[in-house]
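Work through these exercises with the model open beside you. Try each task before you read its solution.

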Amino acid sequence: MRRLAIVALMLSAAPALGQGIVTSPGSDSVSVSIYRAPDRDSDEAMDLDWLEGYALVTEKRTVDIPAGKATVRFEGVAAGLFPESAIVTGLPSGVREKNLDADLLSPRSLYARMFGRPVILRRTDLATDTVREERAVIRSGPDGAAIVQTAAGFEVANCGGLEDEILYPEAPRDLSAKPTLSIETDSQVAHKATLSLSYLAWGFDWQSNYVVRMNADGQTADVSAWVTLASSDSMSFADAETAVIAGKVNREDSSQGEKPSGGELELTCSLSQLAPPPPPAPPPPPMVMPAPAMEMADIVVTAQRVGPLNAPVTVQQEGLGDLKLYRVPVPVTVAANAQKQVALAQKHDVKMEALYRADVSEDRVGEVRQMLRTRNRKEDGLGLPLPGGPVTVFEPVRSGPDQGAMLLAGEGGLPDRAVGEDVEIVLGEATQIAASVRQIASDDVSRTVALDVSNARPVPVRFEARIFSGGRMEGISQRRLVRRDGRTIWSVVIPARGKASLTYRIVNSD
């Protein structure tokens, strides 16, 4: 297989795109509002290889509108743009038609678009190193051999000891080096207009990330919250006014859009294809392709504002109906195929209760899990809307040569939590706290069981059992039981390397 070299020569005598076409190469200003993937739970990490959220992009562009009918091309829009969502304002005559140019300028698309059109064939004889040029017409598609028609007849490029280059006199008018949205307009007079272009685009997502650093007292923690923006789009938006939206928006059609395509050109030398080929069938409509995996090496952290006070840049929360909008107070660049992190909040000495919990269904007990609990209110050190996201917890080493060093204690997730709500962060399965249930007695009316818990740690721990029963529960041991969220709750402090038990009777509901 040989690669056919492609060279494009643009004629300077006249614009390649002809009359009545105006190109806007970029925006004067842009804002990007990113919506979370609608089918992803708020405490679930986003899939960086397949971002299913979307963004609302609003651009300001200054365009010279000619008199009469014209096509205005907006280059550099998001590749995942939903064409049906695009809104253009600022044109007195309005918009007659809009189109997303789905093919990008590339060796493959350029060759395909020039079928049946004249080109220049530059031929190098590999034996003598002599070069000659002659006119030719492309007579094949971009797959397989490059068949051209010259004055000598039909030939296959790059065959018979020749190295061929195809020189294009111009680029086809429907190809662009950047994703492009075009509109048709009809103006009575020529004028300069400031247009607003707004559209939805897929291939974006965002999440909150929390870092909890437990203090040595075991009862407070320092909490850092970050907003992580991610884009799998091929276009970057520099110095954009940026916001993220928490909550689920009802969208009737969440299907992904059509990303402009391009591609390389690979051609083979096959002498069996020297016969004139029949005219090719019309090309099929472009397929919807999945978003490309991102190169995660490009991670930008925006945490400080440059200024005399060097004040931290933190996301500002605003109301948006039933949704929550978090606005970044300084312009940031939403880069192509990259992540960016912006500080959401920094809170110190947040009241944090560490405990272990297990769910008990009458006489069966689930795994014991470590967890943290607090209240989202100012008096407990928080008091701000908390969008859901992954949580990483670190604890200090309390003894030994590494005393004071912070080590990873576990990872969990935090659902969306409003001000005043309880905040529970469930971490990994406990390895030194064990719980089991044993039956003590049973008759036709009830069963008596004991819940035993042991603590192998050298420090006291709080344990909580959430007991669910289809019948009535009666506590037999002198332990205080409470009801919460339809469960019977047993909460106890287990001494260091100690045990605790709860005996209770389950009365049949019949």
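Two strands pair if DSSP finds at least two bridges between them. Keep that cut-off in mind for Exercise 2. The model is predicted.

**Exercise 1. Get an overview of the protein chain.**
Task: State how many helices and strands there are in the protein chain, and what percentage of its residues count as buried.

Solution.
Step 1. Count the elements. The protein chain has one helix and 34 strands.
Step 2. Turn to burial. Of its 510 residues, 43% count as buried.
Step 3. Look at contacts with a separation of 6 or more. In the protein chain, 75% of these are between residues 24 or more positions apart.

**Exercise 2. Find the partners of strand β16.**
Task: Work out which strand β16 pairs with over two bridges, in the antiparallel sense. Then place its other partners.

Solution.
Step 1. Locate strand β16 at residues 237-246. Seven of its ten residues are buried, so the strand is mostly covered.
Step 2. Apply the cut-off. β16 and strand β20 (residues 332-334) share two bridges, and at least two are needed, so they pair. Their sense is antiparallel. Here A240 stands opposite V332 in β20.
Step 3. Go to strand β19, residues 323-327. Four bridges link β19 with β16, again in the antiparallel sense. I245 stands opposite L325 in β19.
Step 4. Go to strand β3, residues 29-35. β3 and β16 run parallel and are joined by five bridges. I34 has V244 in β16 as its bridge partner.

**Exercise 3. Place E395.**
Task: Decide whether E395 is buried or exposed, and list what surrounds it.

Solution.
Step 1. Find the element. E395 is in strand β25, which spans residues 389-396.
Step 2. Compare with the cut-off. The relative accessibility of E395 is 19%, and buried means under 20%, so E395 counts as buried.
Step 3. Look for a polar contact. The side chains of E395 and Q370 make one, at 3.4 Å.
Step 4. Leave aside neighbours within four places in sequence. E395 is then in contact with M214, Q370, A405, M406, L407 and A409.

**Exercise 4. Explore the empty space.**
Task: Give the volume of the largest pocket and of the largest cavity. Name the residues nearest each centre.

Solution.
Step 1. Take the pocket. The largest pocket holds about 850 Å³ of space. It is lined by 31 residues, and A354, E395, R398, R457 and V459 lie nearest its centre. E395 from Exercise 3 thus returns here.
Step 2. Ask which strand gives the largest share of this lining. β22 does, with four residues.
Step 3. Take the cavities. The structure holds two of 30 Å³ or more. The largest has a volume of about 130 Å³. Of its 15 lining residues, Y210, V223, L382, L386 and L414 are the closest to its centre.
Step 4. Trace the cavity lining to strands. β14, β15, β21 and β27 each supply at least two residues.

**Exercise 5. Judge the confidence.**
Task: Find which element has the lowest mean pLDDT and which has the highest.

Solution.
Step 1. Start with the protein chain. Its pLDDT averages 78, and 75% of the residues score at least 70.
Step 2. Compare elements. Strand β17 (residues 299-302) has the lowest mean, 42, and β3 the highest, 94.
Step 3. Mark the weak stretches. The pLDDT is below 50 over residues 8-19. It also stays under 50 over residues 271-311.
Step 4. Draw the lesson. Where pLDDT is low, the predicted coordinates should not be read in detail.

Notes: Residues are numbered from 1 along each chain as its sequence is written. This is a predicted model: local features need pLDDT of at least 70, side-chain atom pairs count only at pLDDT 80 or more; totals for chains, interfaces and linings use all residues. Side-chain values use heavy atoms; hydrogens and water are left out. Buried means under 20% relative accessible area, exposed over 50%, partly exposed in between (1.4 Å probe, protein chains only). A polar contact is a pair of N or O atoms within 3.5 Å; within protein, one must be able to donate a hydrogen and the other to accept it, and residues adjacent in sequence count only if both atoms are side-chain atoms. Contact means heavy atoms within 4.5 Å. pLDDT is the predictor's confidence in each residue, from 0 to 100. On a 1 Å grid over the protein atoms alone, a cavity is a set of points where a 1.4 Å probe fits but cannot get out, and a pocket is an open set with protein on both sides within 12 Å along at least five of seven lines; lining residues have an atom within 4 Å of a point. Grid points are joined across faces, edges and corners, and a volume is the space filled by probe spheres set on the points.
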